[in-house]
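Student: I should like to go through this model and ask, for each label, what justifies it.
Tutor: Very well; let us set each value against its definition.

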Amino acid sequence: MRIPEHRRPSALYILIVLAVVVLFIATSYQYKLTDRMFPLMVGYFALPLLIMDLLALTDSKIGEKISIFFSAKTPEKVDEDADQTVRSLKQELMIFVWMGTLVFGIYLIGFLPCTPVFVYCWMKYRGGYSVRQSAYLAIGTIVFVYVLFEILLQYELYPGIFLYWYG
């Protein structure tokens, strides 16, 4: 299976994410049984999706079938419709700064307080939404996260290091 030159950066990115997911799964097995269930579920759902995404980039019959199944387009049509916007290295690194800030915020103050703050800031400053729309999206996100994890799954989300220090 051959990956065309113009799709190789995407394939490299998928391979990097795939390696991180495999490491994530391997690390999860070091946790207690109840603590590793959710990370393993996420990891094992991600594996086939990443593999299918990688196969869809190839010039093969299976790659074409996967592409048509998920996007109703041939790989050539997907290439034609792809976003051609050229982004600078600074713009790309800025996304990593945002994600790093999210991870650091979760580490310090936990999932529940950090989630609405991040969603609000992202939607307002990166997405260009109004204050009201950003606030609604942040509130909706925190309600969704709280109901899904804390109530339905009864999964205690990480509370942050500050809670351990001052709690």
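Tutor: Domain bounds come from an automatic or database domain assignment. The model is a predicted one, and for its protein chain that assignment gives domain 1 (5-81) and domain 2 (89-166).

Student: How far apart are the centres of domain 1 and domain 2, and over which atoms are they taken?
Tutor: The centres of the two domains, taken over C-alpha atoms, are separated by 24 Å.

Student: What makes the pair Arg7 and Asp59 a salt bridge?
Tutor: The definition asks for a side-chain nitrogen of Lys or Arg within 4 Å of a carboxyl oxygen of Asp or Glu. In this pair the closest N and O atoms are 3.4 Å apart, so the cut-off of 4 Å is met. Arg7 belongs to the segment before α1, whereas Asp59 belongs to the loop between α2 and α3; with their positions 52 residues apart, the pair links distant parts of the chain.

Student: Why are the side chains of Arg7 and Asp59 also said to make a polar contact?
Tutor: A polar contact needs a pair of N or O atoms within 3.5 Å, one able to donate a hydrogen and the other to accept it. The side chains of Arg7 and Asp59 make such a contact at 3.4 Å, which is therefore inside the cut-off of 3.5 Å.

Student: Is Arg7 called buried or exposed, and why?
Tutor: Buried means under 20% relative accessible area. Arg7 has 5% relative accessibility, so it counts as buried. Its partner Asp59 has 46% and therefore counts as partly exposed, since that class lies between 20% and 50%.

Student: How many salt bridges does the structure hold, and what qualifies the pair Arg8 and Glu5?
Tutor: The structure holds two. In the pair Arg8 and Glu5 the closest N and O atoms are 2.8 Å apart, and the pair therefore satisfies the limit of 4 Å.

Student: Why do Arg8 and Glu5 receive their accessibility labels?
Tutor: Arg8 has a relative accessibility of 38%, so it is partly exposed. Glu5 reaches 57% and is therefore exposed, because the exposed class begins over 50%.

Student: What is the volume of the largest pocket, and which residues are closest to its centre?
Tutor: The volume is about 700 Å³. Of the 22 lining residues, His6, Arg7, Pro9, Ser10 and Leu57 are the closest to the centre. A residue counts as lining if it has an atom within 4 Å of a point of the pocket.

Student: Which helices supply the lining of the largest pocket, and what is its chemical character?
Tutor: At least two residues come from each of α1 (8-28), α2 (33-56), α3 (61-71) and α4 (75-81). Helix α2 gives the most, with four residues. By class, the lining of this pocket holds eleven nonpolar, five polar and six charged residues.

Student: Which residues line the second largest pocket, and how much space lies in it?
Tutor: About 380 Å³ lies in the second largest pocket. Its lining consists of Val20, Val21, Phe24, Val42, Gly43, Ala46, Met99, Gly100, Leu102, Val103, Ile106 and Phe111. Two or more of these residues come from each of α1, α2 and α5 (89-109), and α5 has the largest share, five residues.

Student: How do you know which classes are present in the lining of the second largest pocket?
Tutor: The lining divides into ten nonpolar, two polar and no charged residues. Gly43 and Gly100 are in the lining, and glycine is counted as polar under the definition.

Student: From which domains is the lining of the second largest pocket drawn?
Tutor: Domain 1 and domain 2 each contribute at least three residues to that lining.

Student: What makes Gln154 worth a separate remark?
Tutor: Gln154 has a positive phi of about 50° although it is not a glycine. Gln154 is placed in the loop between α7 (131-152) and α8 (161-166). At 68% relative accessibility, Gln154 counts as exposed, because 68% is over the 50% cut-off.

Student: Why is Tyr120 called partly exposed?
Tutor: Tyr120, in helix α6, has a relative accessible area of 23% and is therefore partly exposed, because a buried residue must be under 20%.

Notes: Residues numbered from 1 in each chain as written. Predicted model: local features only at pLDDT ≥ 70, side-chain atom pairs only at ≥ 80, totals over all residues. Heavy atoms only, no water. 1 Å grid on protein atoms, 1.4 Å probe; cavity = no way out; pocket = protein on both sides within 12 Å on 5 of 7 lines; lining within 4 Å. Points joined across faces, edges and corners; volume = space filled by probe spheres on them. Buried < 20%, exposed > 50% of the residue type's maximum accessible area, 1.4 Å probe, protein only.
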